[in-house]
Amino acid sequence: MHLIYKNYLFKKHFFVNDTSVGVENKDTDNSSAKAEFEVMFSLANLFGIKIVKGAKLLTSDMIRFASLGLGENVPEPFYKGFPESVRKLTKKELIYDQLLNYMITYGFGNFEDERHSVFEEKFETAAFKENIEVKEFSVLSEKEAEAVLEDIVRNLLAGTRPLSLDQYGLVVSYITDYSFVPEVIASKNTAIRLLMDLRDTSLARFLYMSDVPKLVDEINYTLYHNENVKKLNLKNQDRKFITFVIDTIFESGRVDIRNCYEKKKVWSGLLHHIHYKAKSEEAQQFLDAMRGSENLSVYSSFEKAMTEKNIRAAVDELKSGKGTAAVLRRLNYIISRCESEEELEQILASLDTNNVIVLLQLLIQYVQYKSKNVARTFTFTKHNLLKVHNETEEEQAKRKSAISEEQAKILSARIAEKLANLLKGRLGKVYIDPDMRRYALPIQETTTQGGFGVLTRGSRIQIPDTKKLRAFTYWEKVQDIDLSVFGINDKGEQTEFSWRTMGLLQSEGITYSGDVTNGYYGGSEYFDINYEKFRFKHPDINYLIFCNNVYSALPFSQVYCKAGYMTRDKSDSGRVYEPKTVKSSFVVNAESTFAYLFGIDLRTNEFVWLNMSRSSGATVAGTTDMSFLTDYFHVTDIINVYTFFELMATEIVSDISEAEVVVTNKNVECGENVQVIREYDIDKMIQLMNV
């Protein structure tokens, strides 16, 4: 079985045995039992992994596989005795250490020799003696793994939102390797990417003609690194492919010409660029329409009615032509033009969508709504990268689509009511672990990196009072990647903790392992955060944001980089990197030099997942505003996994043995027909949100 499948299942706490036997040395029952015990012992001793099912399918290569997933062999940091040795150095020594390192690296151009502190004293690492949380794993046969993978792929394809790089990689590989024919591809983004990568025109059955410009944009960006779809220079093979897709859609009758008017200029340029020739009367009419002067799009009619202050007609036009979801996404604009309470009530009464994802997004938006006197930050995703626009003072002054905070409260209440009615009774008897209130729903995970322990954006994990958090990053194939931390106060002001500042800011509250600048063959950096001592030192900071950026100016996709975190005892023991304490380890592989990793809510001692790649060529973190990220820290206060399943249950039961569905972050014993959904079963949640 290919590595991509094993890696994906590993993060769902599965090993896969793709051989015909279990542990080696099967000559006798005794040797078999001994080998099984040795593998189980090694997994427990090295990685804190307990096998709870399928132990007889264990193989010794699973030890190496766990090492790759959790990082047993990680390069040493600049300060080998981190964190104890760092705290013994003076500020002058810390600064001189790094200046000497930079002079050798950038002054003399010596990137290859591994370097460490010149002031660091010799030290002996204390034996590891920390309490750890056991990771429970099962072992699957190849046949069992294939069945699990098929369910995952079907669930992912049922989602209307774009997939992350990790999820999409799994889907496209599974379709190719197992000749899987999708019955449903609910996301246009996913259908377009599959059509582009597989060149299987039968997948055009999931698209309409208005989706073709999106396909062209994806080809233009992915293959030609061009973001301007109005300036095409495609190769002949791509022109032929696009022509064939257009002809296929004409033959299938999926020509939504009114929606095509929205991209009329793009269509006109595209048809000219591919030298398209009509093969039917309908195709000729389409060409004439795209090249003509009229614009008969739904949005054109909508805007005309809005200009005439005929709000009801505008909503009816948009709803009939694009669906209720399109109305919902323009609610601020529409409601800001309403001139009476009666008109507002008419608009709200017409919002009869069954789109759970849109309702969840709007619920979060309106609960967190900021009034007109607060500058807004707009975030959106394009080509699987986060794009950010901060509203300027001029834009804020000219804003015409503002609604009052009271209207936002009315909207959030109506949306919550609609969600409750829409989801009611979808499931039977459900047991929900109270801890599931900490986990967010996978509403928008496009920019997410994949790996072990990765959860949905906004999910929160309580860090015990006896533990501190150790964030890490390590890399190969590039000289310098930087791990940085940014403190944010209630005013949105930032304090930088990075290679540029830590010579003066090192403390028992936050300790940095030093800036490695010669890591082509392997480099690593760490931050230790002791919550209690950090709050005492920096009482005004409420949030911490961890970032990765490639100082060497290459995108993450061209290097090898992992990031994650450990929970460690406050009294240090063991190696700097201890796989047994790793809570998450994931690959950063975006087409960008800058990624947000995760955060800490210092008010509650909670780790918060962010995990998004920003569209940026930044090689130094801290040059952009990050305060908008704090919105993600409060998503679970609005809607979370617990409340979502609570809405769907016909009955919440307190006894697991009575449940038909169990939602938990713990290993539990359930009946054969009971569906168990864990915090990392993102695909199952996606499927339920799109029923």
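1. Leaving aside its neighbours within four places in sequence, which residues is N332 in contact with? In this predicted model, N332 is found in helix α17, and the residues that touch N332 from elsewhere in the sequence are Q365, Y366, Y369, S401 and I403. N332 has a relative accessible area of 13% and is therefore buried, since the cut-off for that word is a value under 20%.

2. A second buried position is worth finding in the loop between α19 (356–367) and β4 (377–382), where S371 is located. S371 has a relative accessible area of 17%, so this residue also counts as buried. Once the neighbours within four places in sequence are left aside, S371 is in contact with R399 and E405. The second of these partners, E405, stands 34 residues from S371 along the chain, and yet the C-alpha atoms of the two are separated by 6.2 Å.

3. Helix α18, which covers residues 341–349, has E343, L344, I347 and L348 as its buried residues. These four lie on the same side of α18, because the arc they cover around the axis is only 135°. The face turned away from that buried side carries E341, E342 and A349, which are exposed. If you ask what covers the buried residues of α18, the answer includes α15 (311–322), α17 (331–335) and α21 (405–423); of these, α17 is the helix in which N332 is found.

4. Helix α26, made of residues 682–689, is largely enclosed by the rest of the structure, because six of its eight residues are buried. The buried residues are I682, D683, M685, I686, L688 and M689. They pack against several elements, namely the helices α6, α7 (165–177), α19 and α25 (641–648), together with the strands β6 (427–432) and β21 (675–677).

5. Two helix pairs show how helices can pack at a steep angle in this model. Helix α1 (residues 3–10) and helix α6 (residues 142–157) have axes 11 Å apart and pack at an angle of about 80°, and the two are therefore roughly perpendicular to each other. On the α1 side the contact is made by Y5, Y8 and L9, while α6 contributes A145, V148, L149, I152 and L156. Helix α6 is also one of the elements against which the buried residues of α26 pack.

6. In the second pair, the axes of helix α9 (residues 212–224) and helix α12 (residues 264–273) come within 10 Å and cross at roughly 65°, which makes α9 roughly perpendicular to α12. The crossing of α9 past α12 is left-handed, and the residues that make the contact are V212, P213 and V216 of α9 with V266, W267 and L270 of α12.

7. Turning to charged side chains, the general idea is that side chains of opposite charge can pair when their charged atoms come close. The structure holds 38 salt bridges, and one of them joins E317 to R258, with the closest N and O atoms 3.0 Å apart. This pair links distant parts of the chain, since E317 belongs to helix α15 and R258 to helix α11 (residues 257–260), 59 residues apart. Both ends are partly exposed, E317 with a relative accessible area of 24% and R258 with a relative accessibility of 34%.

8. The salt bridge between D528 and K468, at 2.8 Å from N to O, ties together parts that are 60 residues apart in sequence, because D528 lies in strand β13 (residues 523–529) and K468 in strand β9 (residues 467–476). Here D528 is buried at 1% relative accessibility, and K468 is buried at 2%. The two residues also belong to a network of salt bridges that links R87, K468, R470, D528 and D572.

9. A last salt bridge to check by eye is the one in which the side chains of R575 and E578 meet, at 3.7 Å from N to O. Is each partner buried, or partly exposed? R575 is partly exposed at 41% relative accessibility, whereas E578 has a relative accessible area of 4% and is buried.

Terms used:
Residues numbered from 1 in each chain as written. Predicted model: local features only at pLDDT ≥ 70, side-chain atom pairs only at ≥ 80, totals over all residues. Heavy atoms only, no water. Buried < 20%, exposed > 50% of the residue type's maximum accessible area, 1.4 Å probe, protein only. Arc of directions from axis to C-beta. Contact = heavy atoms within 4.5 Å. Salt bridge = Lys/Arg side-chain N within 4 Å of Asp/Glu carboxyl O. Axes fitted to C-alpha atoms, helices over the stretch in contact; angles between N-to-C directions. Parallel < 35°, antiparallel > 145°, perpendicular 65-115°, else oblique. Left-handed = near helix turned anticlockwise from the far one by under 90°.
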